[in-house]
Amino acid sequence: MDHFTYRDGVLHAEDVPMARIAEAVGTPVYIYSRATLERHARVFRAALTDLPRIHIAFAIKANPNLAVLRVLAREGFGADIVSGGEMKRALAAGMPAGDIVFSGVGKTRTELREALEAGVGQFNIELEEEGVALGEIAAAMGKQATAVLRVNPDVDAGTHAKISTGMKENKFGVPFDRAGGIFARLAARPGLAMRGLALHIGSQLFDLDPLAAAYAKVGELAQDLRGEGHVIDRIDLGGGLGVPYERDKVPPSPADYGAMVARVTKGWDVTLMFEPGRVIVGNAGVLLTRVIWVKPGVIRPYVIVDAAMNDLARPAMYDAWHDFEAIAPSGERMVANIAGPVCESGDTFAMAREIDVVRSGDLAVFRTAGAYGATMASTYNSRALVPEVMVDGDKFAVVAERILPETIIAAERVPDFLNN
Ligand code: LLP
């Protein structure tokens, strides 16, 4: 459930009519609802109440905006980070360093050192050499890094190939059959405190069975490691729960997910760690856009909006669906293609979609744009970097400014050798 609703035929974000934000900030603009973020954080936590010990680390990559992170920090969420930049954001938003989990297949030595200096709570090691380096850096600093080993359970998560991460040909985690040996060797290193295992098999998951199968495999490995005398006191189950981009395609609920986790992990006696991203922020954001033209097409019209693939990359990258709704629908419907102004045919949000009738100048939204939306934006075609707004009841604030081409050009230089 979210707080983007029609009142008297006009779409509101909480108590704010969309048109008010368009007038004040312009379009395109991402709009987040604080109440929705809080609700999703609480629903997710409530779904896990049957589990003895948990830690929730929001996957910052889904939405790293500082205001969003602050809302989640206030809900007691830590952070799952994959870069030094994300660490800076988590800390700036007030998330305690000890609640941060550092994931990612390409952490540099500099990033590892800075994370140790900051006191990051857990490192999810993706390959043996990384673990060796982390141990050496930590030992040289007189520290011990708390770490878990990310394993690749070789399970097909049944999602889009570009967001599938747990099959053996994927770059993530160590191969399942080598994990025991790698764990034992790393556990013997002085700078490392190896405490458990991690996995993450993919994103936008609609089927709990592959997750359950992967969790069970990791649970067995944990038992084997304990049998060899290792301390296993935490298992990081990753993220991945899907959201309903299309109204009639409903993913498992957080409660369904929580029940599955409780069943599969019964008796594990560990702290279970979670890295949800999309399920927390996806439906807490929309992308507000204005129709520039309705261009007659040969087969059907093109609705050309002022948002483009540089603002919301998901349709171009993953053929993703985002519902498109007029701010003040007349009730009439039409079938159209929806595209942005960027000079690529890939800058198309939808083909042959039945939508509200819109005309030049009308406002509309792409729904479920709070996850992997603004954070994947670029300035391609020298467009401005899209701004972000957060709504709280009848108030709203710009939480990321529109970065204009002038500002971006100011960071570029024409070298002297081109001046003569
Ligand atoms: N943990 C790890 C280690 C991850 O790699 C990811 C996402 C998550 C947690 C969070 O997954 P979530 O709960 O959000 O599914 N840009 C793509 C999604 C990429 C996901 C990458 N990893 C998209 O727009 O669909």
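Reader: What makes the approach of Asp80 to the ligand a polar contact?

Author: In this predicted model, an N or O atom in the side chain of Asp80 is 3.4 Å from a nitrogen atom of the ligand, and because a polar contact is a pair of N or O atoms within 3.5 Å, the pair with Asp80 counts as one.

Reader: How do you know that Gly240 and Tyr318 make polar contacts with the ligand too?

Author: The cut-off is again 3.5 Å; a backbone N or O atom of Gly240 lies 2.8 Å from an oxygen atom of the ligand, and a polar side-chain atom of Tyr318 lies 2.8 Å from a nitrogen atom of the ligand, so both pairs qualify. Of the 600 Å² of accessible area that the ligand has on its own, the protein covers 91%.

Reader: Which residues come nearest to the ligand, and what classes make up the shell?

Author: There are 18 residues around the ligand, of which Ser203, Glu275, Arg278, Arg314 and Tyr372 come nearest, and by class the shell has six nonpolar, six polar and six charged residues. The space that the ligand takes is the largest pocket.

Reader: How do you know that both domains take part in the shell around the ligand?

Author: The chain is divided into domain 1 (4-31 + 282-410) and domain 2 (34-278), and the shell draws at least three residues from each of them.

Reader: What is known about how domain 1 and domain 2 are placed and meet?

Author: Their C-alpha centres lie 32 Å apart, and the contact takes 24 residues from domain 1 and 23 residues from domain 2.

Notes: Residues numbered from 1 in each chain as written. Predicted model: local features only at pLDDT ≥ 70, side-chain atom pairs only at ≥ 80, totals over all residues. Heavy atoms only, no water. Near = heavy atom within 4 Å. Polar contact = N/O pair within 3.5 Å; in protein donor to acceptor, adjacent residues only side chain to side chain. Areas by Shrake-Rupley, 256 points an atom, 1.4 Å probe, with all protein chains shown as cover. 1 Å grid on protein atoms, 1.4 Å probe; cavity = no way out; pocket = protein on both sides within 12 Å on 5 of 7 lines; lining within 4 Å. Sits in = over half its atoms within 2 Å of the grid points. Nonpolar A, V, L, I, M, F, W, Y, C, P; charged D, E, K, R; others polar. Domains from an automatic or database assignment. Contact = heavy atoms within 4.5 Å.
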